[in-house]
Amino acid sequence: QVQLEESGGGLVQPGGSLRLSCAASGFPLDYYAIGWFRQAPGKKREGVSCISSRDSSTYYADSVKGRFTISRDNAKNTVYLQMNSLKPEDTAVYYCATGTSISTIMQGIIASWGQGTQVTVSS
């Protein structure tokens with residue numbers, strides 16, 4: 001089974017930027033669609049963004065449209081989430097997940113989960 005490891009989280013001021021990485025091992029990343037989720041204390045898990053395995057189709061939650069960009073580098077087995085214009089409400093643990101398609105991932109049908117990386121947006 002593919003294993004995922006997130007990195008790139010940290011503390012940033014409102015309006016700042018971070019780039020999260022999701023590195024895969026065990027199987028080629030181009031076999032899978034990849035999604036990013038987040039969960040803040042006291043809140044439900046939220047699907048943030050997703051990218052398909054081969055055609056680069058993407059999905060973004062309304063809360064991040066225009067601010068976040070998902071991309072993938074299959075040669076490096078890595079997916080990125082570029083987060084710009086960050087807001088305090090973006091504070092959460094972010095984690096990535098694999099599945100067969102964007103639709104199945106966002107339904108919660110997941111093959112593998114990463115362990116998460118903390119993003120804190122505060123002045």
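Trainee: How many disulfides does the structure hold?

Mentor: It holds 1 disulfide. Keep in mind that this is a predicted model, where local features need pLDDT of at least 70, side-chain atom pairs count only at pLDDT 80 or more, and totals for chains, interfaces and linings use all residues. Residues are numbered from 1 along each chain as its sequence is written, and side-chain values use heavy atoms, with hydrogens and water left out.

Trainee: What makes cysteine 22 and cysteine 96 a disulfide?

Mentor: A disulfide is a pair of cysteine sulfur atoms within 2.5 Å. The sulfurs of cysteine 22 and cysteine 96 are 2.0 Å apart, so the pair fits.

Trainee: Why is this disulfide called right-handed?

Mentor: The torsion about the S-S bond of cysteine 22 and cysteine 96 is about 70 degrees, so the disulfide is right-handed.

Trainee: Why does cysteine 50 have no bond to cysteine 96?

Mentor: The closest cysteine sulfur to that of cysteine 50 is in cysteine 96, but at 11 Å it's too far for a bond.

Trainee: How do you know whether cysteine 50 is buried or exposed?

Mentor: Buried means under 20% relative accessible area, exposed over 50%, and partly exposed in between (1.4 Å probe, protein chains only). Cysteine 50 has 0% relative accessibility, so it counts as buried.

Trainee: What does phenylalanine 68 touch?

Mentor: Contact means heavy atoms within 4.5 Å. Leaving out residues up to four places away in sequence, phenylalanine 68 touches Arg38, Val48, Tyr60, Leu81, Gln82, Met83, Asn84, Leu86, Asp90 and Tyr94.
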